[in-house]
Structure formats: C-alpha cells, structure tokens
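Visitor: Could you walk me through this one? I'm new to reading structures.

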Amino acid sequence: MTKVQEAIKSKMKMKFKDFTFPSNPREIEVITSSNFQSKGIYGKGSATENVSVNPIIIKGRGEFFGDHAEELCLYLQHMLRDKASGELMLPSSAGINVFFTEFTYSKNCIKNSMEYSFVFTESCDKADNERKAKHTIAGKDENAFDIAGRCNLSVSDIMRFNDFQTPFSINEGDRVVLYDY
C-alpha cells in the first residue's frame, strides 16, 4: 500500500449528506455493471452490444462502538426514510450522487456496539447529477498530481476549479472541487 493510500484509508472518513461515519466501515464493495445483448446475424455469426449501464451499487458493513452507537444507527435509519438522493464520499474516491436504499443493524451487547450494513444506489437522473458539485477531500501529503490520478482528471482541471496557488499547496482535509457545473 502506498503512502497516499495509507493516508486516505486512515484519515478520510466515509460521508453521506451531512453524516460523517465516526470510523470507516470495515468492508466497502462497489459494484459496476452493464447490460449486453447478443443478436444473431444471418450468415455472419452474432454481434454483441452494450445496451445500458446499470447504476453503481455500493454495499458495506461495519460497527459503531460506545454509548452513542445506537443513536448513530437510528439517525442513519432516519436518513434512509428521506427519499432524496445525496452525495456519498467514499474514503478513497470522488463523490457520487446516490440514494440510500438499505440499512440493517443489530446490537452486540457483549462489545457494546452496533453492527450495521448498508446499500447505496447511484442516482441515474442526469439533471440531478449535474446539479451536484463533485468534490473530494485531500489526504495527507496529497498534491494535485496525486488527486488528479486518483480521480481520473487532469492537474490543469483541478487547478482551474480550485483556488490553490500551486499543485503542491493542497493541505490534508482540503475540499477539492473536481467538476465545475
């Protein structure tokens, strides 16, 4: 694991809308898929084409510890009832506009903790996605080159969308705008 990856893993917390996870979930799975269709072509075999791209699904599980663990779960349960989409910031990637689609939790009385699992589903509404300002949070020792590589952007885009004096004047925890809508 590189130094930047370690910094991101330890410092950047997962966040959905206004809720920042006190510690990152122990597992995060990102599922990306497409639908393909094959058609027979008379005398030529067949042709396959990509018909559609499915929404990205983000699943995970973790644990909240301490006296406020149950309150955190109840707050997330409340957020699930809010049908509006919002920005999900994963510990190591740019934000994605998602719907909170599933949340389960159970109490572990021995460890004084709440174990939870979640599912987020990407919003495929283009108008909704275009209204969201996409950003990421800079990790320890990250510069514009690191962030550009991590987010698949050019350094010039990062410099154009932000007020950084140089590509190296980014500090840990700085909010870095990735797209200018």
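Guide: What follows is a short talk about a predicted model, starting with one residue and moving on to the sheet.

Visitor: Okay, where is E63?
Guide: E63 sits in strand β6, which covers residues 57-65.

Visitor: And is E63 buried or exposed?
Guide: E63 has a relative accessible area of 12%, and because buried means under 20%, E63 counts as buried.

Visitor: Which side chains does the E63 side chain make polar contacts with?
Guide: One polar contact, of 3.0 Å, links the side chain of E63 with that of K111, and another, of 2.8 Å, links the side chain of E63 with that of S113.

Visitor: What stands opposite E63 in β9?
Guide: That is E115; β6 and β9 (residues 113-122) run antiparallel and are joined by nine bridges.

Visitor: So how is the whole sheet ordered?
Guide: The sheet is open and has seven strands, in the order β2-β1-β7-β8-β9-β6-β3, with antiparallel pairing. At the edges stand β2 (19-20) and β3 (27-31), and each has a single partner strand, so one side of each lacks a neighbour in the sheet.

Visitor: What does helix α2 lie across?
Guide: Helix α2, made of residues 69-81, lies across β1, β2, β6, β8 and β9, and runs at about 140 degrees to β8.

Visitor: Changing topic, how many disulfides are there?
Guide: The structure holds zero disulfides.

Visitor: What about C73 and C109, buried or exposed?
Guide: C73 is buried, with a relative accessible area of 0%, whereas C109 is exposed, with a relative accessible area of 63%.

How values were computed
Residues are numbered from 1 along each chain as its sequence is written. This is a predicted model: local features need pLDDT of at least 70, side-chain atom pairs count only at pLDDT 80 or more; totals for chains, interfaces and linings use all residues. Side-chain values use heavy atoms; hydrogens and water are left out. Helices (H or I, at least four residues) and strands (E, at least two) are DSSP runs, numbered from the N terminus. Buried means under 20% relative accessible area, exposed over 50%, partly exposed in between (1.4 Å probe, protein chains only). A polar contact is a pair of N or O atoms within 3.5 Å; within protein, one must be able to donate a hydrogen and the other to accept it, and residues adjacent in sequence count only if both atoms are side-chain atoms. A disulfide is a pair of cysteine sulfur atoms within 2.5 Å. Two strands pair if DSSP finds at least two bridges between them. Contact means heavy atoms within 4.5 Å. Axes are lines fitted to C-alpha atoms, for helices over the stretch in contact, and angles run from 0 to 180 degrees between N-to-C directions.
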